[in-house]
Amino acid sequence: MPLHLIKLCVGAEDIADLATWQMARLAEMKKRRQPQKLVHVTRMVPKRADEILAGGSLYWVMKGVIRCRQRLIGIEPFKDAEGIGRCRLVLDKEIVATRRQERRPFQGWRYFESKDAPPDVKKGDPGTDMPDEMRRELEELGLI
């Protein structure tokens, strides 16, 4: 089973907000004639990169709840303009909704085992076409 990363998605209200922000970044890259590569920059480089790149994803925590994931397709260490080591986590453009799973706040990213990851939401699953708040309440009640 692949190893994953989990990270807080600060500033995004929901999955649609994250997708809009990422698409705007890609559009800006295209406008500037830059390679359209979706990346998230972090300070630390995962030491278990081989395990992560064997099918792992970055799970996004929004407002204390895991909501979605994006497959990790590259890990690129680099030095920024000040000479500080950083890391680009290269993400697949597809955002996959997951079942909600609460998480306490933490800093940076963490390794995330497959056994602990919430399952993906599949088309046709109950509640996939309802408002987020309603879906959350029904999941908390154990109705979906």
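A disulfide is a pair of cysteine sulfur atoms within 2.5 Å. The views below are close-ups of a predicted model.

**View 1. Two cysteines, C9 and C68, without a disulfide bond.**
A search of the whole structure finds zero disulfides. C9 takes part in none, and the cysteine sulfur nearest to its own belongs to C68, 6.6 Å away. Seen from the other side, the closest cysteine sulfur to that of C68 is in C9, and the 6.6 Å between them is too far for a bond, because a disulfide needs the two sulfur atoms within 2.5 Å. C9 counts as buried, at 9% relative accessibility. C68 is also buried, with a relative accessible area of 0%.

**View 2. The largest nonpolar core, with 20 residues.**
Within this core, L5, L18, W60 and L72 have the most contacts. Two or more of its residues come from each of these elements: β1 (3-8), α1 (15-31), α2 (49-52), β3 (57-62), β4 (65-79) and β5 (85-91). Another core, of seven residues, lies apart from it; Y59, V61, F112 and A117 are among its members.

**View 3. Surroundings of L18.**
Which residues does L18 contact, leaving aside its neighbours within four places in sequence? The contacts are C9, A12, W60, M62, C68, Q70 and I95. Both cysteines of the first view, C9 and C68, are therefore in contact with L18. L18 is also one of the residues with the most contacts inside the largest nonpolar core.

**View 4. The second largest pocket, with a volume of about 210 Å³.**
The lining of this pocket is made by 15 residues. C9, V10, L18, W21 and W60 lie nearest the pocket centre. The elements β1, α1 and β2 (39-42) each give two or more residues to the lining. The largest share comes from α1, which supplies four residues.

**View 5. T98 in strand β6 (residues 96-102).**
T98 counts as buried, at 4% relative accessibility. The side chain of T98 reaches the backbone nitrogen of C68 at 3.5 Å. Neighbours within four places in sequence aside, T98 is in contact with Y59, I66, R67, C68, R69, P118, P119, D120 and V121. One of these residues, Y59, belongs to the core of seven residues.

**View 6. S114 in the loop between β7 (109-113) and α3 (132-140).**
Is S114 buried or exposed? S114 counts as buried, at 19% relative accessibility, because the cut-off for buried is under 20%. Its side chain reaches the backbone oxygen of P2 at 2.6 Å. Not counting residues up to four places away in sequence, S114 touches M1, P2 and H4.

**View 7. Two loop residues with positive phi, R33 and K63.**
R33 lies in the loop between α1 and β2. Its phi is near 60°, a positive value in a residue other than glycine. With 79% relative accessibility, R33 counts as exposed. K63 has its place in the loop between β3 and β4. Phi of K63 is near 50°, again positive in a residue other than glycine. K63 is exposed, with a relative accessible area of 63%.

Methods. Residues numbered from 1 in each chain as written. Predicted model: local features only at pLDDT ≥ 70, side-chain atom pairs only at ≥ 80, totals over all residues. Heavy atoms only, no water. Core = buried A, V, L, I, M, F, W, Y, C linked by side-chain atoms within 4.5 Å. Buried < 20%, exposed > 50% of the residue type's maximum accessible area, 1.4 Å probe, protein only. Contact = heavy atoms within 4.5 Å. Polar contact = N/O pair within 3.5 Å; in protein donor to acceptor, adjacent residues only side chain to side chain. 1 Å grid on protein atoms, 1.4 Å probe; cavity = no way out; pocket = protein on both sides within 12 Å on 5 of 7 lines; lining within 4 Å. Points joined across faces, edges and corners; volume = space filled by probe spheres on them.
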